[in-house]
Structure formats: C-alpha cells, structure tokens
Amino acid sequence: MSTDLTLSGVTLRHGARTIIDDLHLIIPSGEILVVTGPSGCGKSTLLRAIAGLRPIDAGSIAADGDPVVGTSRDRAMVFQDDALHPWRTVRRNIDLALTLRGVARKDRRAEAHRWIAEIGLDGFADHLPRELSGGMRQRVQLARGLAGAPRAVLMDEPFGALDAQTRTSMQQLLIRTLDAHPATVVFVTHDIDEAVLLGDRVVVLGNAGEPARAIVPVPHPRTPAADNSAARGAVAAALTAPAGTHSKAIA
Ligand SMILES: Nc1ncnc2c1ncn2[C@@H]1O[C@H](COP(=O)(O)OP(=O)(O)OP(=O)(O)O)[C@@H](O)[C@H]1O
C-alpha cells in the first residue's frame, strides 16, 4: 500500500534564507515524482522535510491526510552516500529494516535472503559493506529502504555516485522492485535522462527561494524504448531557463 503526499504552501528556510517558498504539490499514491533543479536549489532540503527530518517553516506536509511532524517508518529515505551500518553484514543491515517493521525473528532470516536474491546479491549475505562495490552497496540500501514496506520512499540522488552502466542496471532494478513492492516515490536527481525514465512527473525547482519552474508529465514512464523526447526537452528547457522564470500552475 502506498501513501499520497500533500504539500500545501511549504516554506523552508536555512536561518534567514528562504530555500523553498510556498510550494504546493499533490503527489498521488503510487506516483514516482522526480524532483530536479539547479545545484543548491533545495532538493535535499525538501526531501528531508517530507521525511520529517527537518521542520517546516510555513505551510504543511501531509501523508494520507496526517500532518508530517517527524520521521515514520512509513517513509523511508535512500541516500546517495553510503548509509549502511559498516559493522553489520548485508543480511543484518536488511534485518534491521525487517525488525523495525515488526517481522518475527523466526521469519526474518528467510525474508532477508529473499531480498538479497531480489537485488542479485546471492552469496553476499555475510559480507560487510566495505567488502562490496559501490553499486552493490547501493543495491543493499535499496533493499533496506524497501524491506521495511514503507508507503513512501524518498530517494536523494541514490544512483548519483555510480558509473553509467551500474546506474542503468540500478534504474531497472528500482523499476522491477517497485512493481513488486509499490510505494509512492519522491526521487531527486540531476540527471535529465534518469528523471524522464523514472518519473510519472518531473518537477523542476527554481533557484533557492524562487518558485518552481515547471512540472512536466512524462507520457510513457519507465519504458526505455518509448519516445519521451518532448518531456525531456521540456525538463531541459526549464533547467536552463533564466533565473526568475517559472510556470504559473503547479499542482
Ligand atoms: N544545514 C544548512 N545550513 C545552512 N544552509 C544550508 C544547510 N543545508 C543546506 N543549506 C543551503 O540551502 C540550500 C539548498 O541546499 P540543498 O542541499 O537542499 O540543495 P540541493 O538542491 O539538494 O543541492 P545539490 O543539487 O547541490 O545537491 C543551499 O544553498 C545550501 O547551501
């Protein structure tokens, strides 16, 4: 089951500086919403607010109608940086998410192994994160994020540090995994191709403190062979638009 997220007039500040100003956005249950924009525009700040990791300075964020006032296991974060516990094996990192979800001890081992198979890491259950490649660690992060059966997953450039080939296989893995374990996803990326491949819609934020520039629907999301070139062009145009340019309708 996934959750819908409603952002109403969300304003986020760092000190006296407004980063996100009066953002309105409805993210329906099960949607993959990609957030992109210029460096420093506030993508991570916004994601952390949706996760409940930082306060909202004005406006509100609701998940299925309930105000977000702190973190919840219904909303998982997956970061670019390696956020695995370095002293725990692959299995025990995933086990942690299962424990938090309340999976009984007797069932956890088998379920962790199912996840390990799903992310293609059979044989690596007892490895420590430092014994894995960056791409493998990112797969474990993905499994750990989703194993807790969150209703929303907030992903902050999860594939940003990976080489192009590993990134492509991670995108495919994410698509397959979300098919099997549906969730609402807010996905931050700098990469236009990734945005248009994964997103049902792509929000292009303006510079910090400026309104969002565009919200672009993708006609054929998660279909690499389909022609999404018009959406790609619209995202690229919004990204390169002069500062201060913005769309009027953000919904
Ligand atoms: N803890 C903090 N204290 C003060 N300012 C901050 C803090 N964290 C971020 N900022 C500022 O807020 C703005 C938005 O930062 P944020 O990391 O959300 O942007 P971003 O769009 O995710 O950036 P990037 O694309 O470079 O990752 C930046 O100008 C940044 O310098």
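**Figure 1. Helix H5 of the predicted model, residues 164–180.** At 1.5 Å a residue, the 17 residues of helix H5 (residues 164–180) should span 24 Å, which agrees with the 25 Å between its end C-alpha atoms. The expected span is 1.5 Å times one less than the number of residues in the helix. Helices (H or I, at least four residues) and strands (E, at least two) are DSSP runs, numbered from the N terminus. This is a predicted model, in which local features need pLDDT of at least 70 and side-chain atom pairs count only at pLDDT 80 or more, while totals for chains, interfaces and linings use all residues. Residue numbers start from 1 along each chain as its sequence is written.

**Figure 2. Buried and exposed residues of H5.** Gln 171, Leu 174, Thr 177 and Leu 178 are the buried residues of H5. They lie on the same side of H5, because the arc that they cover around the axis is only 135 degrees; this arc is that of the directions from the helix axis to the C-beta atoms. An α-helix has 3.6 residues a turn, so residues three or four places apart point the same way. The exposed residues Gln 165, Asp 179 and Ala 180 are carried on the face of H5 turned away from its buried side. A residue is buried if 20 or more other C-beta atoms lie within 10 Å of its own, exposed if 12 or fewer, and partly exposed in between, with C-beta atoms placed from the backbone. The buried residues of H5 pack against helix H3 (105–118), helix H4 (134–147), strand S8 (184–188) and helix H6 (192–198).

**Figure 3. The contact between domain 1 and domain 2.** The domain assignment of the chain gives domain 1 (1–74 + 153–251) and domain 2 (80–149); such bounds come from an automatic or database domain assignment. The centres of the two domains, taken over C-alpha atoms, are separated by 25 Å. In this view, 15 residues of domain 1 are in contact with 14 residues of domain 2, contact being defined by C-beta atoms, placed from the backbone, that lie within 7 Å. On the side of domain 1 that touches domain 2, S7 and H5 are the elements that give two or more residues. H5 gives the most to this side, with five residues.

**Figure 4. The shell around the ligand.** The residues around the ligand include His 14, Gly 37, Lys 43 and Ala 208; a residue is near a molecule or strand if its C-beta atom, placed from the backbone, lies within 6 Å of it. Helix H1 (residues 43–51) gives the most to this shell, with three residues. Another residue around the ligand is Ile 19, which has its place in strand S2 (residues 17–27). Ile 19 is buried, because 23 other C-beta atoms lie within 10 Å. Among the residues that Ile 19 touches, not counting residues up to four places away in sequence, are Leu 12, Gly 42 and Thr 45. The C-alpha atoms of Ile 19 and Gly 40 are separated by 8.8 Å, although these residues are 21 residues apart along the chain.

**Figure 5. Two loop residues with positive phi, Ala 149 and Arg 222.** Most residues other than glycine have a negative phi. Phi of Ala 149 is near 50 degrees, and this residue is in the loop between H4 and strand S7 (152–156). Ala 149 counts as partly exposed because it has 17 C-beta neighbours inside 10 Å. Arg 222 has a positive phi of about 60 degrees and lies in the loop between strand S10 (214–217) and helix H7 (229–240).

Terms used
Contact = placed C-beta atoms within 7 Å.
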